[in-house]
Amino acid sequence: MGRADDAPEALSLIEFDSIALGTKAVDALLKKAPVRMERLGTLQPGKLATLFSGDVASVEASHGEALRVGGTAMIDEILLPQVEPRIYAAIFGEVPVFDGDTLGMVETSTMAAAVLAADVMVKGALVGVVSLRLGDELGGKGLVHLVGEQHDVEAALALAEERASGVGRRLLTSITPRLDDELRGWLSRSTRFWEAPC
């Protein structure tokens with residue numbers, strides 16, 4: 001049984017540009033309602049991020065409390081009341097086989113924007129997310145790789161641009177039809193330079 005089978009009702013991801021204020025906000029959100037901490041930690045450049053889940057009411061209450069306490073230190077945030085199970089699994093590295101005619105990529109200035117983009121793309125188009133990278137080794141950015149038929153990938157990227165971009169969020173997309181087999185092989189093994197096999 002994978003993570004997709006254990007997907008929670010709701011998910012929140014909040015990024016802070018102050019580690020001290022972010023830690024105070026995390027303490028407040030944990031005291032506010034019974035939620036499960038999924039990830040917590042610092043990342044470059046000097047940010048603190050928290051990812052937590054639970055039932056919708058609890059996550060909404062804790063999310064609101066974290067934003068209240070974190071105040072102006074908050075960089076970006078998302079609250080997904082019905083997180084797509086495949087995206088929940090992808091956050092933890094569980095993704096399907098890298099197979100498809102067309103590669104789409106979404107590069108975001110924040111992790112929250114990447115998760116939101118991935119969620120809306122798989123809910124709104126016939127595509128598969130084959131890589132979802134958040135923060136680490138990306139300077140706090142997010143990166144999504146998705147595959148499918150060209151028209152489906154185009155539709156997914158349009159959804160991401162419409163729903164996941166906005167004030168304070170930069171979102172860049174690209175599409176590569178008829179992906180080269182050698183490139184597909186490299187990307188399916190890893191998208192991290194230091195992990196690439198010789």
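## Exercises on a predicted model

Glu84 comes out as buried, at 14% relative accessibility (buried means under 20% relative accessible area, exposed over 50%, partly exposed in between, with a 1.4 Å probe and protein chains only). This is a predicted model, so local features need pLDDT of at least 70 and side-chain atom pairs count only at pLDDT 80 or more, while totals for chains, interfaces and linings use all residues. Residues are numbered from 1 along each chain as its sequence is written, and side-chain values use heavy atoms, with hydrogens and water left out.

**Exercise 1. Find which residue Glu84 meets in a salt bridge, and say how exposed that partner is.**

Step 1: Set the criterion. A salt bridge here is a side-chain nitrogen of Lys or Arg within 4 Å of a carboxyl oxygen of Asp or Glu.

Step 2: Apply it. The side chain of Glu84 meets that of Arg86, at 2.9 Å from N to O.

Step 3: Check accessibility. Arg86 is partly exposed, at 43%, whereas Glu84 is buried.

Step 4: Put the pair in context. Searching the whole structure turns up eleven salt bridges.

**Exercise 2. Work out how Arg68 and Glu65 are placed in helix H2, then do the same for Asp181 and Arg184 in helix H6.**

Step 1: Fix the elements. Helices (H or I, at least four residues) and strands (E, at least two) are DSSP runs, numbered from the N terminus.

Step 2: Take the H2 pair. Arg68 and Glu65 form a salt bridge whose closest N and O atoms are 2.8 Å apart. Both sit in H2 (residues 56-70), and because they are three residues apart, about one helical turn separates them. Arg68 is exposed at 58%, but Glu65 is buried at 15%.

Step 3: Take the H6 pair. Asp181 and Arg184 make a salt bridge at 2.7 Å, N to O. They are three residues apart in H6 (residues 181-189), so about one helical turn lies between them. Here Asp181 is exposed, with 61%, and Arg184 is buried, with 15%.

Step 4: Look for shared partners. Arg3, Arg36 and Glu38 are joined into one network by salt bridges that share partners.

**Exercise 3. Lay out the sheet that contains strand E6, and say which helix packs on it.**

Step 1: Order the strands. The open sheet has four, running E6-E7-E5-E8 with antiparallel pairing (two strands pair if DSSP finds at least two bridges between them).

Step 2: Spot the edges. E6 (128-134) and E8 (171-176) each pair on one side only.

Step 3: Get the twist. Neighbouring strands are turned by 15 degrees against each other on average, direction ignored. For angles, axes are lines fitted to C-alpha atoms, for helices over the stretch in contact, and values run from 0 to 180 degrees between N-to-C directions.

Step 4: Zoom in on E6 and E7. Six bridges join E6 to E7 (residues 142-148). Ser131 has His145 as its bridge partner in E7, and Gly128 stands opposite Val147.

Step 5: Add the helix. H5 (residues 150-164) packs on the sheet, touching E5 (102-108), E7 and E8, and its direction makes about 175 degrees with that of E8. Contact means heavy atoms within 4.5 Å.

**Exercise 4. Do the same for the sheet that contains strand E2, starting from the strand order.**

Step 1: The order is E2-E3-E1-E4, again four strands in an open sheet with antiparallel pairing.

Step 2: E2 and E4 (74-80) stand at the edges with a single partner strand each, so one side of each has no neighbour in the sheet. The twist averages 10 degrees from one strand to the next.

Step 3: E1 (residues 10-16) and E3 are joined by seven bridges, and Phe16 has Leu48 as its bridge partner in E3.

Step 4: H1 (residues 19-32) packs on this sheet against E1, E2 and E3, at about 15 degrees to E3. H2 lies across E1, E3 and E4, at about 10 degrees to E1.

Step 5: Try one residue. Gly41 lies in E2 and is partly exposed at 25%. Leaving aside neighbours within four places in sequence, Gly41 is in contact with Lys47, Leu48 and Ala49.
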